[in-house]
Amino acid sequence: MNTSKYIIVCLVLFQFLGFTNAHANQPAYFVLGESQFRGVQIYDVIQDKDLNYWFATNDGIFHFNYYQYEKIDCDKAKSNSGFNFVMGNDSSIYYHNLNKQVFRIKGREISLFYELTEAESGADISLAIADDGNLLIGARQIIVINNDGVVVNRFDASKSYIGEPYYLQGMGTMYHLSQLDTLLVYAKGSFTTHRLNARITPNSVMKFFNLSGVVYAIGLEDKQHYRFNAECLELIALPKNTLLAKIGARRIYETGEEAWVAGTLPGVGLFTNDNIEKGIELLYTDYLISNVYKDVEGNYLLSTFDKGVLVIPNLQVPDVIASFNDDPITAIYADKDMGLLLGSSKGKLYSYQNNTLTTINDQGKRPIEAIYGHPEGDFIIFDNSPIRVYSKATNTITEFTVGSLKSAVFASATQFYLGTNMGVIHCIWNGNEFSISHLDSLRQRIYSLGYHPITKLLYAATSSGLYSVDTTGIERPILLNKEELYPNYLHYYGGKVYAADKKRGILIIDVNQVIGIIKPIVKGKVAALQKIRIYQNTIIGSNTNGFFQFDMEGKLLKSIHNEFGFSLKKVMDFTFQGNDFWVSHAGGIQQIDLTYTKPQLTKPLIRVDNIWVNDLAIDFSAAGKFESNQRKIQFSVSAPTLKNRETIRYHHRLTPYEKEWNTNSYEANQITYNALAPGQYTLEVKAENEGLESEVVTYSFNIAPPYYATWWFITGLILLFLATVYILYRWQIGIQRRKSQQENDLNASKLTAIQSQMNPHFIFNSLNSIQDLILKGDVEQSYSYIATFSSLIRRTLSHSEKEFIDFEQEIKLIEIYLSLEKLRFKKDFTYNIETNDIGDIEVPPMLIQPFIENALLHGLLHKEGHKTININFELTEVLVCTIEDNGIGREQAKEIKERQRPDHESFSGKAIRTRLEILSSVFKGDFQCVYQDLYDYGEPSGTRVIITIPVKHKF
């Protein structure tokens, strides 16, 4: 029957079988993928070239990289199940299903490699890799297929059942043709047949296997096994092994120096050259073993149905005698008469002797924390509420109801001290009953007791410190550098008392003094041991982190929990039974051989499995060039190991970002940098196992600077800045030039206005009028006129320095000017100024006077009769000044000017417009003037000028 179909049949049988306790002679193991493969049947396992694992199951093909399980599908597969992994010379992995399909795994992808026809397929299918690298498919025919999936040869064996393939060095791949008792050999591209020299059961199919270079064969029908002589192709019968017949062996797995046999019963048999001719005991009978595989690291992987994969790191390390899953053992004590005494979490007291477990007491109400006895005494002390003393001689139990037992120590076979939460009780057996008394000097809470049989001193670690008490009851504190001590465990050995102190290590006490300190070092730190024993001049100690053996100077000799396969299981208690050492941990009770030496460690391996950039996976082989916004970089690393997972540490640093190495546990294999700055980086990572380090693996990458930090952008920005500065400079120069020009023009216009007001003709007329008044003897009026004239000159000069003056000052200047002109025109000239109570504004100086002068010189000077000029001001958003005269009009004035060509040039219209433009540009306002000709019945009757002046408000 084919292996794959046989495994499925075994599952049905397994459902009717109960579980049994583990056997003491089976190797220690742990379970891999227990939750992942719960309810899943595992048929086969193999490691690929990257040392990752592949599992063929009834639920499909799974890939395991030591941290994650991933199901890999093939859309052309007609069923999920996979069987019979083999690895080709190119590291491709092949397997088949029950639907005549053969698949190839390459990298992380599965593809359909070959599909058998009806003529090619048979009841069973086998796979093998030939010496030429071709795949051999054994069914009704043996088909030879190259790496391209092309059939290059075949052998028709339809008349005979084809046995499983076996590769024999120097010969080739062999198949046993049962009906013909012939060996069919494929080697170097061709098939040959060889007659088998043996007397075997007719039609029996031979399964060949190797044990340390010796080839054996077993008849799968009659369970007879043979030694195979390859030179003469002879099978030499060996004494029949009764176990093979018992388990209905159908499957044999080679692991080098061992062969494993599994059949219809739960469990698996282990063969070596030493016991192949003897009866062997089934191991792991709690499980139906479906496959056995030895990986590169030397672990033995036993696949199961529904229970994951059993991993055996070392065949020399024994398993627990029992798991005690329902009632874990919390305390153990070795007694020369009763064997191993076990206290359980439910308060039960057992005796384990000669592989027999006997219940001594089952009336407990709480877990038994410790068991105490005297090597030559009759009494066993334990506490499962209340404190009890068991007599081996009478098989009776005495109860002490006082306190909660924390520690006990024997002074002799009939005298002991009980350390409780309320102090120390002294108990003496007088042959009939116990005499009980309290030590008045020790009424504190007791953590541990120790007794020195030579000095008769009792030592007590209490809530108040460490004390010694002599036989008279005198109590003395034990100090170290005048400081109180608070050890958690005391142990007598070789005339000294050893105290396990959380802070300092192990204190060595002689009488009442600390004479030395041992510092047990684990991972560079002093280990805070909870319980210690000294064995053959070494220290055995346990704490919450593990179980260790040190030399007497504190140097770590071995991590017992790692070497004996219970790394993750908390240590409850331990004891010695002669030279046998027993430990109770979360996995059960296990015997430890302290003389066992762990094989020499080899350098661990390290690899970078995945890289994520901004949470997106990238190809590790891709160039490490990232954009400026790709600043979150994450790596996953792994050390491919199953047996050293608890001792492996990852060390990593990112240079030049980090100077020191960071350390992660094996589980913490993710290395994340969330916000790296632009730059060149190199990740350095290495694995370390108990001081032995792997090679350093590196990965270099570069994060580009943002565009604004690149040299070309900075250069362009500098050039742009310089160009902008230059343009702004030129622009400012232009503004300054224009402003200077405007100021010059404004000053020129002011000068022109001043010249208009102070032209020689005006001054001459004014002085002439003053002279005329003086000649007439009108001293008072002449003085007034001179004062008015001087005021005009002073105000004109004063206002010329200002950009704006009060509106009232401009009106005053106009009034002074017109008063002087009135003297010139005599009595036939009148003027009127209407300000409409305008105030609190400022206007440009000497802006209105030139328009009044033009009205006087060109409009009124040549007019006959009465002359008038009216000036009116109105304020809206701007100041509007209206100047209206009753002169001859602009046309007639123009004609007179052209005809007379006077030597006085007035403030012309062009100059007025120029000044208004300058004022508009300088003060950012709209200065305007509009001329209107006035007519009376069609005849010119004067001129009106409307001036718009932007103003500044004072408030």
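The 92 positive and 105 negative charges of the protein have mean positions that lie 2 Å apart. This is a predicted model, and its secondary structure comprises 10 helices and 77 strands. The radius of gyration is 57 Å, whereas a compact globule of 955 residues would come out near 30 Å. Below is a friendly walk through the overall picture, the cores and a few local spots to look up in the viewer.

**Overall dimensions and surface**

- Measuring along the principal axes, the C-alpha trace spans about 170 × 100 × 45 Å.
- The accessible surface amounts to about 45,800 Å², and carbon and sulfur atoms contribute 50% of that area.
- Of the 955 residues in the protein, 51% are buried.
- Among contacts with a separation of 6 or more, 51% join residues 24 or more positions apart.

**Nonpolar cores**

- The largest nonpolar core has 51 residues, and the members that touch the most others are Phe 55, Phe 85, Phe 635 and Phe 701.
- A second core, separate from that one, holds 45 residues, including Tyr 785, Leu 820, Leu 860 and Phe 927.
- Phe 701 is a good residue to centre on: leaving aside residues up to four places away in sequence, Phe 701 touches Gly 624, Phe 626, Ile 633, Phe 635, Leu 654, Leu 676, Gly 679, Gln 680 and Tyr 681.

**Helix H8**

- Helix H8 covers residues 849-860, and 11 of its 12 residues are buried, so the helix is largely enclosed by the rest of the structure.
- Among the buried residues of H8 are Pro 850, Phe 851, Ile 852, Leu 856 and Leu 857, along with the polar or charged Gln 849, Glu 853 and Asn 854.
- Leu 860 is also one of the buried residues of H8, and Leu 860 belongs to the second core as well.

**Thr 647 and its surroundings**

- Thr 647 sits in the loop that connects strand S63 (633-638) with strand S64 (648-655).
- With a relative accessible area of 10%, Thr 647 is buried.
- Setting aside residues up to four places away in sequence, the contacts of Thr 647 are Asn 562, Glu 688, Asn 689 and Glu 690.
- Tyr 447 is 200 residues from Thr 647 along the chain, and their C-alpha atoms are separated by 32 Å.

**Cis peptide bonds**

- The bond from Ser 385 to Pro 386 is cis, with omega near 5°, and Pro 386 lies in the loop between strand S34 (379-383) and strand S35 (387-391).
- The bond from Thr 655 to Pro 656 is cis too, with omega near 0°; Pro 656 lies in the loop between S64 and strand S65 (662-665).
- S64 therefore has Thr 647 in the loop before it and Pro 656 in the loop after it.

**Positive phi outside glycine**

- Lys 188 is not a glycine, yet its phi is positive at about 55°.
- Lys 188 belongs to the loop between strand S16 (182-187) and strand S17 (190-195), and this lysine is exposed, with a relative accessible area of 77%.
- Val 511 also has a positive phi, near 60°, without being glycine.
- Val 511 is placed in the loop between strand S49 (505-510) and strand S50 (513-518), where this valine is partly exposed, with a relative accessible area of 37%.

Notes. Residues numbered from 1 in each chain as written. Predicted model: local features only at pLDDT ≥ 70, side-chain atom pairs only at ≥ 80, totals over all residues. Heavy atoms only, no water. Helix = DSSP H or I, 4+ residues; strand = E, 2+ residues; numbered from the N terminus. Rg over C-alpha atoms; globule rule 2.2 N^0.38 Å. Buried < 20%, exposed > 50% of the residue type's maximum accessible area, 1.4 Å probe, protein only. Contact = heavy atoms within 4.5 Å. Areas by Shrake-Rupley, 256 points an atom, 1.4 Å probe, with all protein chains shown as cover. Lys, Arg positive; Asp, Glu negative; His and termini not counted. Charge placed at Lys NZ, Arg CZ, Asp CG, Glu CD. Core = buried A, V, L, I, M, F, W, Y, C linked by side-chain atoms within 4.5 Å.
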